[in-house]
Amino acid sequence: SNQTVCSGASANFSVVAGGGALTYQWRKDGVNLSNGGSVAGATTAALSLNPVATGDAGSYDVVVSNSCGSPATSAAATLTVNVSPNITGQPSDQSICPNGTANFTVTASGSNLTYQWRKGGVAIPDGGNISGATTATLTVSSVTSNDAASYDVVVSNGCNPAATSTTAALTLASPPAISSQPSSQTVCTGANVSMTVAASGGGLTYQWKKDGVTLSNGGAISGATSATLTITSAAPADSGAYTVVVSGACTPAVTSNAANLTVANTVGTAGSISGVTTVCQGDSGLVYSIAAVAGATSYTWTVPSGSVINAGQATTSITVTWGGVSGNVSVSAGNTCSESIPTTLNVTVNAFPTITGQPGSQSVCAGSAVNLTVSATGAGLTYQWRKGGVDLANTGNISGVTTAALSISAASAGDAGSYDV
């Protein structure tokens, strides 16, 4: 009868025949066998093969004869020789998006192979989202986090030992997620700019955009499809809102926050300053202004010592309360890249008059000349002499009533009194 045995085992065939003085001749695939090696009983009623090798597989029959009549040939019996399974191709790790499908495949040599896939070392049956659990390919469909595990397969055919594959991990991949956004920047013309995004997820790809328009590498742009975008020697035309679209093996893609790039030129010199140029000490609410300077983001004003800028510092217009010192009102325009040469306006301050030398009291003889003198500091000074608090006028023997020196010629008793200026 037909037999299936493992390599290294024994196989025995026998025949029962009637008649006298019988002789036997076993054959394999129609070729006479002889005793030797693993073959015994080649000319008996029982053929033994021990140990069986793969080369012994074939079709066996026996020719039975005696001196009478024609020989009798038995029906053929097939010998199948199985070898222990050998895995020639291992299953590989897989990272699958949620609801995706994972396929694990093993290749093995050997005959009459059977397969049993395992999850975490435990045999799994077909059912639910599992199919092919007893085939060379295991399919896990509609993958969820519950399916994430290590998978292997035991390949057998009844011959020892069975073969067990290496484990293959099934991991659940995640859609891309941005963990660090690109940052806004203000730079000077000619500077190199780098913008970087950090993201997690499998199979990530990147695409940078400026003002919503897809960028490509070339010219000053590099890294347009990487995590870091570089702009070499940036120009004002490179100013804009930059974003990056991060895609991965799993959907959906994610877009970063906008990073605003401002590329500033050096700033020009401010134009002329508008405002009054002659003021009095203590004047307040006086406005000095300039036209806006292209590219400027701030302005720096200065005034002479003692004067105060009440409002508008860092803008194009200031309000000033004046002290007593003449000098320049100045302004420079600036941005992150440069500060302009100051523009100035000279302002003259008329300070409060200050008497530095008082007129002195005098006692004179009638008919004598009298001179009273005052000294004072201040701009644009005027004088008015008084007697007993009453303004004097140049008349008679009185002169210099609106100067620093009052003169009384030929004084008389009527000129006696209290004089001030």
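Two rings of Phe, Tyr or Trp (for Trp, the six-membered ring) form a pair if their centres lie within 6.5 Å, and the pair is called stacked when the planes are under 30 degrees apart, edge-to-face when they are over 60, and tilted for the rest.

The legends below describe a predicted model, in which local features need a pLDDT of at least 70 and side-chain atom pairs count only at pLDDT 80 or more, while totals for chains, interfaces and linings use all residues. Residues are numbered from 1 along each chain as its sequence is written, and side-chain values use heavy atoms, with hydrogens and water left out.

**View 1. A cluster of rings around Phe13 and Trp26.** Ring pairs connect Phe13, Trp26 and Tyr60 into a cluster. The count of aromatic pairs comes to five. In one of them, the ring centres of Phe13 and Trp26 are 6.5 Å apart and the planes stand at 40°, so this pair is tilted. Phe13 belongs to strand 2 (residues 11-14) and Trp26 to strand 3 (residues 23-28), so the pair ties together parts that lie 13 residues apart in sequence. Here, helices (H or I, at least four residues) and strands (E, at least two) are DSSP runs numbered from the N terminus. Phe13 counts as buried because its relative accessibility is 3%, and Trp26 counts as buried at 3% too.

**View 2. An aromatic pair of Tyr288 and Trp322.** The rings of Tyr288 and Trp322 meet edge-to-face, with 6.0 Å from centre to centre and 75° between the planes. This pair links distant parts of the chain, since Tyr288 sits in strand 33 and Trp322 in the loop between strand 36 and strand 37 (327-334), 34 residues apart. Tyr288 is buried, with a relative accessible area of 0%, and Trp322 is buried as well, with 2%. The cut-offs, taken with a 1.4 Å probe and protein chains only, are under 20% relative accessible area for buried and over 50% for exposed, with partly exposed in between.

**View 3. The open sheet of strands 33, 36 and 35.** Three strands lie in the order 33-36-35 and pair in the antiparallel sense. Strand 33 (286-289) and strand 35 (308-311) are at the edges with a single partner strand each, so one side of each has no neighbour in the sheet. On average, neighbouring strands of this sheet are turned by 45° against each other, with direction ignored. Such angles are taken between axes, which are lines fitted to C-alpha atoms (for helices over the stretch in contact), and they run from 0 to 180 degrees between N-to-C directions. Three bridges hold strand 35 and strand 36 (residues 317-321) in an antiparallel pairing, where two strands are said to pair if DSSP finds at least two bridges between them. Ala311 has Thr319, in strand 36, as its bridge partner.

**View 4. The two faces of strand 2.** Ala11 and Phe13 make up the covered face of strand 2, whereas Asn12 and Ser14 make up the uncovered one. Strand 2 pairs with strand 6 (residues 46-49) over four bridges in the antiparallel sense, and Asn12 finds its bridge partner there in Ser48.

**View 5. The open sheet of strands 40, 45 and 44.** This sheet of three strands is antiparallel, in the order 40-45-44. Its edge strands, strand 40 (370-373) and strand 44 (398-399), each pair on one side only. Strand 40 runs antiparallel to strand 45 (residues 405-408) and is joined to it by four bridges, with Thr373 opposite Ala405.

**View 6. Strand 20 with a parallel partner and an antiparallel one.** Strand 11 (residues 94-96) runs parallel to strand 20 (residues 168-172) and is joined to it by three bridges; Ile96 stands opposite Leu172. Strand 18 (residues 149-156) is also joined to strand 20 by three bridges but runs antiparallel to it, and Ser150 stands opposite Ala169.

**View 7. The largest pocket and the second largest pocket.** The largest pocket has a volume of about 390 Å³. Gln362, Asp415, Ala416, Gly417 and Tyr419 are the closest to its centre among the 19 residues that line it. Its lining comprises 11 nonpolar, seven polar and one charged residue. The second largest pocket has a volume of about 150 Å³, and its lining residues include Pro353, Tyr383 and Val421. That lining has seven nonpolar and two polar residues, with no charged ones. On a 1 Å grid over the protein atoms alone, a pocket is an open set of points where a 1.4 Å probe fits, with protein on both sides within 12 Å along at least five of seven lines, and lining residues have an atom within 4 Å of a point.

Notes: Points joined across faces, edges and corners; volume = space filled by probe spheres on them. Nonpolar A, V, L, I, M, F, W, Y, C, P; charged D, E, K, R; others polar.
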